[in-house]
Amino acid sequence: MSENRMEQVAALFGKKLGEEFKIEDLSTGIIYIASFNNYGMRMYVAGFPNSWKPSWEMVMRLIIGSVVIIDD
């Protein structure tokens, strides 16, 4: 089994595993609350905290720049 590198992926974006941050989908303008974990990323639409879901798609979109981390 290979080493899990999600901690390094989070660090590429200046984040720690489990740390919550906001991301914006540049194509829709929707704001999400997200956090990296050992399995990728989990997120929910801002304002709907009971809707956490895993999302590999958002990890990839963050990497390619169609989703961005925003500051408060």
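**Entry 1: S35 and strand 2**

I began with S35, which counts as buried at 3% relative accessibility, and I noted that the model I am reading is a predicted one. S35 has its place in strand 2, and once I set aside its neighbours within four places in sequence, I found it in contact with G18, E19, E20, F21, G40, M41, R42 and W52. Two of these contacts, M41 and W52, I followed up in later entries.

**Entry 2: F36 and its ring partners**

Next I looked up F36, which is buried with a relative accessible area of 0%. Its contacts, again leaving aside neighbours within four places in sequence, are M6, V9, A10, F13, K15, L17, G18, E19, F21, M41 and L62. I then turned to the aromatic rings, keeping in mind that a pair of aromatic rings is described by the distance of the centres and the angle of the planes. With a limit of 6.5 Å between ring centres, I arrive at 3 aromatic pairs. In one of them, the rings of F13 and F36 have centres 6.0 Å apart and planes at 20°, so I recorded this pair as stacked. Because F13 lies in the loop between helix 1 (6-12) and strand 1 (21-25) while F36 belongs to strand 2 (residues 31-37), the pair ties together parts that are 23 residues apart in sequence. F13 itself counts as partly exposed, at 26% relative accessibility, whereas F36 is buried. I also noted that ring pairs link F13, F21 and F36 into a cluster.

**Entry 3: Y44, W52 and R42**

I then checked Y44 and W52, whose rings form an edge-to-face pair with 4.6 Å from centre to centre and 80° between the planes. Y44 is buried, with a relative accessible area of 11%, but W52 counts as partly exposed at 27% relative accessibility. The ring of W52 has a further partner, since the charged end of R42 sits over it, 3.8 Å from the ring centre.

**Entry 4: M41 and the nonpolar core**

M41 lies in strand 3 (residues 40-45) and counts as buried at 2% relative accessibility. Leaving aside neighbours within four places in sequence, I listed its contacts as F21, I23, A34, S35, F36, K53, P54, S55, M58, V59 and L62. I also looked up the separation of M41 from L17, and the two are 24 residues apart in sequence and 9.2 Å apart in space, C-alpha to C-alpha.

From M41 I went on to the largest nonpolar core, which has 13 residues, and there I found that F21, I23, A34, F36, M41 and M58 touch the most other members. Helix 1, strand 1, strand 2, strand 3 and helix 2 each supply at least two residues of this core. As background I wrote down that in soluble globular proteins, nonpolar side chains tend to be buried together.

**Entry 5: helix 2**

For helix 2 (residues 56-64), I found the buried residues to be M58, V59, R61 and L62. Seen down the helix axis, these buried residues fall within an arc of 165°, so they line one face of the helix. The face turned away from the buried side carries the exposed residues E57 and I64. What covers the buried residues includes strand 1, strand 2, strand 3 and strand 5 (67-70).

I looked at both ends of the helix as well. At the N-terminal end S55 acts as the cap, with a side-chain oxygen 3.1 Å from the backbone nitrogen of M58, and just after the helix G65 takes a positive phi of about 95°.

R61 caught my attention as a charged residue of helix 2 that counts as buried, at 15% relative accessibility. Its side chain makes a polar contact of 2.8 Å with the side chain of D25. Apart from neighbours within four places in sequence, R61 is in contact with D25, S27, S66 and V67.

**Entry 6: T28**

Last, I looked up T28, which lies in the loop between strand 1 and strand 2 and counts as partly exposed at 49% relative accessibility. A polar atom of the T28 side chain lies 3.2 Å from the backbone nitrogen of I30. T28 and F48 are 20 residues apart in sequence and 17 Å apart in space, C-alpha to C-alpha.

Conventions. Residues numbered from 1 in each chain as written. Predicted model: local features only at pLDDT ≥ 70, side-chain atom pairs only at ≥ 80, totals over all residues. Heavy atoms only, no water. Phe/Tyr/Trp six-rings, centres within 6.5 Å; stacked < 30°, edge-to-face > 60°. Helix = DSSP H or I, 4+ residues; strand = E, 2+ residues; numbered from the N terminus. Buried < 20%, exposed > 50% of the residue type's maximum accessible area, 1.4 Å probe, protein only. Lys NZ or Arg CZ within 6 Å of the ring centre and 35° of its normal. Contact = heavy atoms within 4.5 Å. Arc of directions from axis to C-beta. Polar contact = N/O pair within 3.5 Å; in protein donor to acceptor, adjacent residues only side chain to side chain. Core = buried A, V, L, I, M, F, W, Y, C linked by side-chain atoms within 4.5 Å.
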